[in-house]
Amino acid sequence: MKLLLILTEALNLFKSLLNDLRGKRSLVYLLILAFSVSIASGFILYILDPNIHSVLDGIWSAWVTMTHVGFGDVVPTSFLGRLLSAMLILFGLTLFALFTAILSVTLIGKNIDTWGHDVRQIEHETNRIEKEENQILRELARLHERMSALEKQLSANAGKEN
């Protein structure tokens, strides 16, 4: 029963994350860039490398290289093909870094909204406490003045009696 509750909460979190990511234009642009680069690189690999026998093999090789899976079923053998694959490896690292950044911003953004609400509550409570403290300090100052006045009266009365 507890496992079912945990799985339900995990599924709800995943759905919430997907909904938040749907609204991110930067993620859409990143995916379009990744697919465009893999298709263009696949065509170039097909043209440059004799070991790439079709455009689809070139696209597959580019995609597998960019995602760092590296199945090894389609491998460039020419210098230019390997050079392009090396650039795809670096490009893939950049893509993963950008994707991680977008995901982090999405997750942190949700936490910042919650944090901002908490901060506003703390500020409200702090202002209330400051007002109460100022009122107490004013009352203490008034009591101090009354006590000083009473002490003066007592001193004056004690001086008259002597």
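Reader: Which residues in α3 are buried?

Author: In this predicted model, the buried residues of α3 are G58, I59, S61, A62, V64, T65 and M66. The helix itself has 12 residues, and the distance from its first C-alpha to its last is 16 Å, close to the 16 Å expected at 1.5 Å a residue.

Reader: How should I read the word "buried" for a single residue, for instance S61 in helix α3?

Author: The general idea is a cut-off, since a residue is called buried when its relative accessible area is under 20%. S61 has a relative accessible area of 2%, and therefore S61 is buried. Setting aside residues up to four places away in sequence, S61 touches L45, I52, V74 and P76.

Reader: Is S85, which is found in helix α4, buried or exposed?

Author: S85 counts as buried because its relative accessibility is 9%. Leaving aside its neighbours within four places in sequence, S85 is in contact with L45, T65 and P76. L45 and P76 thus appear among the contacts of S61 and also among those of S85.

Reader: What can I say about α2, and about how α2 and α3 pack?

Author: Taking the helix on its own to begin with, α2 has 24 residues and reaches 34 Å from its first C-alpha to its last, which is close to the 34 Å expected at 1.5 Å a residue. Its buried residues are L27, L30, A34, S38, S41, G42 and L45. For a pair of helices, one reads the angle and the separation of the axes together, and here α2 and α3 pack at an angle of about 130°, with their axes 7 Å apart. That angle makes α2 oblique to α3, and the crossing of the two helices is right-handed.

Reader: Which residues of α2 and α3 meet?

Author: On the α2 side they are A34, F35, V37, S38, I39, S41, G42, F43, L45 and Y46, and these meet V55, G58, I59, S61, A62, W63 and M66 in α3.

Reader: Why might nonpolar side chains be found together?

Author: The general idea is that, in soluble globular proteins, nonpolar side chains tend to be buried together. In this structure the largest nonpolar core has 14 residues, of which L21, L45, L88, L95 and I102 touch the most other members. Two or more residues of this core come from each of α1 (2–22), α2 (25–48), α3 (55–66) and α4 (79–161). For L95, the contacts beyond its neighbours within four places in sequence are L30, L33, A34 and M66.

Reader: What is the phi of H68, and where is the place of this residue?

Author: H68 has a positive phi of about 65° although it is not a glycine. Its place is in the loop between α3 and α4, just after α3. H68 counts as partly exposed because its relative accessibility is 39%.

Reader: Does E161, whose place is in helix α4, count as buried or exposed?

Author: E161 counts as exposed, because its relative accessibility is 68%. To read how far apart two places in a chain lie, one compares their separation along the chain with their separation in space: E161 and V28 are 133 residues apart along the chain, and their C-alpha atoms are separated by 94 Å.

Technical notes: Residues numbered from 1 in each chain as written. Predicted model: local features only at pLDDT ≥ 70, side-chain atom pairs only at ≥ 80, totals over all residues. Heavy atoms only, no water. Core = buried A, V, L, I, M, F, W, Y, C linked by side-chain atoms within 4.5 Å. Buried < 20%, exposed > 50% of the residue type's maximum accessible area, 1.4 Å probe, protein only. Helix = DSSP H or I, 4+ residues; strand = E, 2+ residues; numbered from the N terminus. Contact = heavy atoms within 4.5 Å. Expected span 1.5 Å × (residues − 1). Axes fitted to C-alpha atoms, helices over the stretch in contact; angles between N-to-C directions. Parallel < 35°, antiparallel > 145°, perpendicular 65-115°, else oblique. Left-handed = near helix turned anticlockwise from the far one by under 90°.
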